[in-house]
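Please open the model in your viewer and keep a selection panel at hand, since this tour moves from one selection to the next and says what can be found at each stop.

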Amino acid sequence: ALAGFLAERCTGLAAALLVLALGVSGLRLWPMLLLAASLAVVFYGLTHPASLALVQRRLAGHPGRWSRWLTRSLAALVHLRALLSPRQFLIGVALALGAWLLEASLVWSLWQVIGASPAGAGPGLLQAAVVRVSLGLGAVLSMLPAGIGVADGTALGVALLYGIKLPLAITTLVVLRVCTIGLPLAVGGLAWLVPPVNTAQDPTP
């Protein structure tokens with residue numbers, strides 16, 4: 001279960017960093033290639049069997065609660081390598097890129113409609129992607145539930161740096177929060193209300 005969660009986080013984070021690099025670099029190719037190569041090297045090093053075996057041997061000589069927790073984490077990394085083969089990793093990153101770009105399109109559409117800007121004026125789709133990714137990364141790095149406060153301030157500040165007026169930036173942030181927090185909570189609430197299905201068979205005739 002932990003390996004599956006980590007696999008989803010890895011592909012999402014890799015896609016977010018690629019979108020961020022694309023938006024900041026302004027479609028220049030070399031920053032994208034450098035970032036992609038760095039991500040590949042880090043992923044290879046963290047999940048390589050030889051490096052994992054070395055760490056496991058070191059932990060075996062230091063028994064304790066932390067070593068047991070780290071041993072379980074290393075086991076998750078072993079499964080993570082099996083889950084994220086090159087083909088699966090590319091598919092996951094492609095799907096995550098599509099999700100990020102769809103949400104960036106929502107942000108850009110809000111800027112165009114609510115901001116009453118003509119097509120092509122003001123910040124474009126790449127800048128909208130940077131704002132959306134900054135909200136997501138701020139939520140992850142803050143270590144707070146949904147990044148409340150930290151992620152919002154980060155996305156708001158980035159939007160203001162791109163010249164978005166404060167009322168429009170706040171409106172954009174509210175819409176994003178409704179989509180990224182309100183809708184999942186609604187789905188989770190419905191799932192909570194649905195009684196579990198008992199798949200066990202009754203042995204009595």
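A residue counts as buried here when its relative accessible area is under 20%, as exposed when that area is over 50%, and as partly exposed in between, with a 1.4 Å probe and protein chains only. This is a predicted model, in which local features need pLDDT of at least 70 and side-chain atom pairs count only at pLDDT 80 or more, while totals for chains, interfaces and linings use all residues. Residues are numbered from 1 along each chain as its sequence is written, and side-chain values use heavy atoms, with hydrogens and water left out.

**The whole chain**

Begin with a cartoon of the protein, which has eight helices and zero strands, where helices (H or I, at least four residues) and strands (E, at least two) are DSSP runs numbered from the N terminus. Read along the sequence, the pattern is α-α-α-α-α-α-α-α. Of the 205 residues, 30% count as buried. The accessible surface, computed by the Shrake-Rupley method with a 1.4 Å probe and, for residues, with only the protein chains shown as cover, comes to about 13200 Å², of which 75% belongs to carbon and sulfur atoms. If contact is taken as heavy atoms within 4.5 Å, then among contacts between residues at least 6 apart in sequence, 64% join residues at least 24 apart.

**Along helix 1**

Select helix 1, residues 2-25, and stop at Thr11, which has its place there. Thr11 is buried, with a relative accessible area of 9%; leaving aside neighbours within four places in sequence, Thr11 is in contact with Leu84, Phe89, Gly92, Val93 and Ala96.

Move next to Ala15, also in helix 1. Is Ala15 buried or exposed? Ala15 counts as buried because its relative accessibility is 0%. Display Val93, Ala96, Leu97 and Trp100 around Ala15, for these are its contacts once neighbours within four places in sequence are left aside. A distance monitor between the C-alpha atoms of Ala15 and Leu97 should read 5.2 Å, although the two residues are 82 residues apart along the chain.

The last stop in helix 1 is Leu20, which is partly exposed, with a relative accessible area of 24%. Not counting residues up to four places away in sequence, Leu20 touches Val130, Val133 and Leu137. The C-alpha atoms of Leu20 and Val130 lie 5.4 Å apart in space, and these two residues are 110 residues apart in sequence.

**Helix 5 against helix 6**

Two packed helices are described by the angle between their axes and the distance between the axes. The axes are lines fitted to C-alpha atoms, for helices over the stretch in contact, and the angles run from 0 to 180 degrees between N-to-C directions. Select helix 5, residues 86-114, together with helix 6, residues 125-142: their axes come within 8 Å and cross at roughly 115 degrees. On the helix 5 side the contact is made by Trp100, Glu103, Ala104, Ser105, Val107, Trp108 and Trp111, and on the helix 6 side by Leu125, Gln127, Ala128, Ala129, Val131, Arg132, Val133 and Gly136. These residues divide into 10 nonpolar, three polar and two charged, where Ala, Val, Leu, Ile, Met, Phe, Trp, Tyr, Cys and Pro count as nonpolar, Asp, Glu, Lys and Arg as charged, and the others, Gly among them, as polar.

Stay with Arg132 in helix 6, which counts as buried at 8% relative accessibility. Which residues surround Arg132, leaving aside its neighbours within four places in sequence? Arg132 is in contact with Trp100, Glu103, Val107, Leu176 and Thr180.

**Helix 8 and its partners**

Add helix 8, residues 166-193, whose axis comes within 10 Å of that of helix 5 and crosses it at roughly 145 degrees. Glu103, Leu106, Val107, Leu110, Trp111 and Ile114 in helix 5 meet Leu168, Thr171, Thr172, Val175, Leu176, Cys179 and Thr180 in helix 8. By class, this contact has nine nonpolar, three polar and one charged residue.

Finally, select helix 7, residues 150-161, whose axis comes within 10 Å of that of helix 8, with a crossing of roughly 140 degrees. Helix 7 and helix 8 are therefore oblique to each other, given that angles under 35 degrees count as roughly parallel, over 145 as roughly antiparallel, 65 to 115 as roughly perpendicular and the rest as oblique. Show Ala151, Asp152, Ala155, Leu156, Ala159 and Leu160 in helix 7, which meet Leu166, Ala169, Ile170, Leu173 and Arg177 in helix 8; nine residues of this contact are nonpolar, none is polar and two are charged.
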